Amino acid sequence: MSEIDWKSLPFGYYKTDYNVRAYYKDGKWSELDVHQDEILPLHMAATCLHYGQEAFEGLKAFRGKDGKIRMFRPDENAKRLLLSANGILMQPVPTELFIEACKKVVKLNEKYIPPYGEGASFYLRPLLIGSGAEVGVKPAKEYTFVVFGGPVGPYFKSGFKPVPMQIVKDYDRVAPLGTGLFKVGGNYAASLRASERAHEEGYSTVLFLDAKEHKYIDEAGPANFFAIKGNKYITPDSNSILRSITNMSLQQIAKDMGMEVERRPVAEEELSTFDEIGACGTAAVISPISKIVDRATGHEFAVGNGTEAGPVSTKLYKALRAIQEGEMEDKHGWNVIID
Ligand code: PLP
Ligand code: COI
């Protein structure tokens, strides 16, 4: 596809040729259906439209220098979709069906997988919705599972350059015992007011605090938070954040590099003690953070020189990309090679 300008791709929707779907009805999942149409036929009383029975995933496929296409840890996304489905009483998608669907979308849209070295990747977006009709508040009896994908560039426009983030105390993203552990649409709806305002005020995104005390860092709108302090990789432990697969991978890479990993509550005041801070996720990869401003107090936590990523974040970023693109040994067996 010579007409795609891979280097200037934004992170956004890109129309490709095929998507795949499966349906849960009468107690069983259908075979996968391949579609070219981007439109879903949907009952107007479907529970996803009324009561938020919707969960999604995000994972990437990369073309390596060796020409092979690798999908990063789809088994973990399958597991998390299962957790999300159980969290809002949807019919879970079997892991094999999830992985088969992702593989199929990659294979069918192979011409849209960015070439090696262009700084782009192929982003897969699996989603599960309650498609059965109900009017009373209850789980649907029918579900639709869809996987589509497209080539993407960096989530934050600056790519691997530090960005400013904002702490807010007048909006919460999730409740302490709510749905923060699940990747459900409602969490993102709840984050929109704060994140759009943050954009207008010049920040890349919001860093949400724990909703109970507004004391501890939870996570950024689209990514987990991590910090580097000496030889330690520190990341929040909280029951209201997503279990980021990128974060889990970075923790392992950090350990493999001989670092100590701490998963524990991280108080806002501690921000000033860190050597490097960043956000991590499939879309964000690693996004170094230049400064964090608390909107309520005006307090500014600046970390690093503000223009370049710190040395440890850079090392982690390079190692993660090298594993994903097949240039570093995949010693934990994370990649699924598409053949
Ligand atoms: N936290 C939130 C709220 C997210 O939307 C994402 C993106 O998926 C992440 C964290 C990072 O998770 P992962 O690394 O599995 O993509
Ligand atoms: C991801 O990183 O896959 C996400 O889902 C983050 C965001 C685009 C919602």
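This is a short tour of the two ligands and the cavities in this structure, which is a predicted model.

**Stop one: ligand 1.** Select ligand 1 and zoom in. You're looking at the largest pocket, where ligand 1 sits. Now show the residues around ligand 1: there are 16, and Y188, E219, S244, T246 and T282 come nearest.

Next, turn on polar contacts. Start with Y188, where an N or O atom of the side chain is 2.5 Å from an oxygen atom of ligand 1. Move on to T246, which places a polar side-chain atom 2.6 Å from an oxygen atom of ligand 1. For I245, look at the backbone instead: a polar atom there is 2.8 Å from an oxygen atom of ligand 1. How much of ligand 1 does the protein cover? It covers 97% of the 380 Å² of accessible area that ligand 1 has on its own.

Colour α5 (245-256) and β15 (276-281), the elements that each give two or more residues to this shell. By class, the shell around ligand 1 holds 6 nonpolar, 6 polar and 4 charged residues.

**Stop two: ligand 2.** Shift over to ligand 2, whose space is the largest pocket too. Select its surroundings: F11, F56, G58, Y123, R125, Y155, K183, Y188, P222, T282 and A283. In this shell, 7 residues are nonpolar, 2 polar and 2 charged.

Which atoms should you pick out here? Try the side chain of Y123, with an N or O atom 2.6 Å from an oxygen atom of ligand 2. Then click K183, where a polar side-chain atom is 2.7 Å from an oxygen atom of ligand 2. At A283, a polar backbone atom lies 2.8 Å from an oxygen atom of ligand 2. Alone, ligand 2 would expose 280 Å², and the protein buries 89% of that.

**Stop three: the cavities.** Hide the ligands for a moment. The structure holds 2 cavities of 30 Å³ or more. The largest has about 110 Å³ of space. To find it, select K60, F72, T246, T282 and Q324, the closest to its centre of the 14 lining residues. Among the elements, β5 gives the most to this lining, with 3 residues. The lining of the largest cavity has 6 nonpolar, 6 polar and 2 charged residues.

For the last view, go to the second largest cavity, with a volume of about 50 Å³. Select D172, R173, V174, F208, L209, D210, A211, D218, E219 and S240, which line it. Strands β10 (205-209) and β11 (217-220) each supply at least two of these residues. The lining here divides into 4 nonpolar, 1 polar and 5 charged residues.

Technical notes
Residues are numbered from 1 along each chain as its sequence is written. Chains are lettered from A and ligands numbered from 1 in the order in which they are written. This is a predicted model: local features need pLDDT of at least 70, side-chain atom pairs count only at pLDDT 80 or more; totals for chains, interfaces and linings use all residues. Side-chain values use heavy atoms; hydrogens and water are left out. A residue is near a molecule or strand if one of its heavy atoms lies within 4 Å of it. A polar contact is a pair of N or O atoms within 3.5 Å; within protein, one must be able to donate a hydrogen and the other to accept it, and residues adjacent in sequence count only if both atoms are side-chain atoms. Accessible areas come from the Shrake-Rupley method with a 1.4 Å probe; for residues, only the protein chains shown count as cover. On a 1 Å grid over the protein atoms alone, a cavity is a set of points where a 1.4 Å probe fits but cannot get out, and a pocket is an open set with protein on both sides within 12 Å along at least five of seven lines; lining residues have an atom within 4 Å of a point. A molecule sits in a cavity or pocket if more than half of its atoms lie within 2 Å of its grid points. Ala, Val, Leu, Ile, Met, Phe, Trp, Tyr, Cys and Pro count as nonpolar, Asp, Glu, Lys and Arg as charged, and the others, Gly among them, as polar. Helices (H or I, at least four residues) and strands (E, at least two) are DSSP runs, numbered from the N terminus. Grid points are joined across faces, edges and corners, and a volume is the space filled by probe spheres set on the points.
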